[in-house]
Amino acid sequence: FKNVEFVFIVVFCAIPAKVILTGFLYLLVPTYLFNLQASQSEIGRIMMLYSLIIIPISPIASRLADRFGSQLWMVVIATICSGMVLSITSLGESAKVMIVVVAALGVVHAFLKSPLIVAAMEAAERTHAVTRTSALSLLRTSERVGSVVGPVLVGILLTKLSANEVSSILGFSVVIIGLIMSGYLAFRRGSNVAN
């Protein structure tokens, strides 16, 4: 936990990604579509779109991340974009809008998943007392925290607000979190240049 960069990656990138995955995709999307009177098969097909997009795009995203030269900046940009994607729901209540959101989320998360692990491991290696195994274990445990928090948070919000409002709040929060992370990176780069 003394490794600030690793903590920032976990708190501001890894956990929000899982909150969006489990809270938005696994809970809010089917609830939203059910309220639009979509059938179970239609809901299933729309949710499968996420995986159908993320599987072929992930290898492309990994190659682009290598060319980009900074896995961490790729993670931060993808985190901000994942929050922005959720704001698309404000365009209207329809299954077509949700199809666009789920597809866009699949694309963005393809650019987030692989670089996230690489960026976390690179940050962890700067703390020599911590092994790669323990760092990866902490990353995975933290992601599971996000997986639990996501549905609970979204479920509570859905009792008070509409699905569109919850989606907008979640998206706005993730954008702010991503901007905080980018601010930290910019500050760190400035400090390195000064030194």
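This passage walks through how the helices of the structure pack together and what lines its largest pocket.

The model is predicted, so local features need pLDDT of at least 70 and side-chain atom pairs count only at pLDDT 80 or more, while totals for chains, interfaces and linings use all residues. Residues are numbered from 1 along each chain as its sequence is written, and side-chain values use heavy atoms, with hydrogens and water left out.

A good place to start is the pairing of helix α1 (residues 4-35) with α2, whose axes come within 10 Å and cross at roughly 155°. Helices here are DSSP runs (H or I, at least four residues), numbered from the N terminus; axes are lines fitted to C-alpha atoms over the stretch in contact, with angles running from 0 to 180 degrees between N-to-C directions. The angle makes α1 roughly antiparallel to α2, a term used for angles over 145 degrees. The crossing of α1 and α2 is right-handed (the near helix is turned clockwise from the far one by less than a right angle). On the α1 side, the contact (heavy atoms within 4.5 Å) involves L21, L25, Y26, V29, P30, L33 and F34, and these meet I43, I46, M47 and Y50 of α2. The contact of α1 with α2 holds 11 nonpolar residues, no polar and no charged; Ala, Val, Leu, Ile, Met, Phe, Trp, Tyr, Cys and Pro count as nonpolar, Asp, Glu, Lys and Arg as charged, and the others, Gly among them, as polar.

Helix α2 (residues 40-68) also packs against helix α3 (residues 71-86), at an angle of about 125° and with the axes 8 Å apart. The two are therefore oblique to each other, a label for angles outside the ranges under 35 (roughly parallel), 65 to 115 (roughly perpendicular) and over 145 degrees. L64, A65, D66 and F68 of α2 touch Q71, W73, M74 and I77 of α3, giving 6 nonpolar residues, 1 polar and 1 charged.

Further along, helix α4 (residues 95-124) packs with α5 at about 130°, their axes 10 Å apart, and this crossing is right-handed. From α4, L116, I117, A120, M121 and A124 meet R132, A135, L136, L139, R140 and E143 of α5. By class, the contact of α4 with α5 has 8 nonpolar, no polar and 3 charged residues.

Finally, there is the largest pocket, lined by F1, K2, N3, F6, V7, A124, T127, V130, S134, A135 and L138. A pocket is an open set of points on a 1 Å grid over the protein atoms alone where a 1.4 Å probe fits, with protein on both sides within 12 Å along at least five of seven lines; lining residues have an atom within 4 Å of a point. The lining has 7 nonpolar, 3 polar and 1 charged residues, and its largest share, 3 residues, comes from α5.
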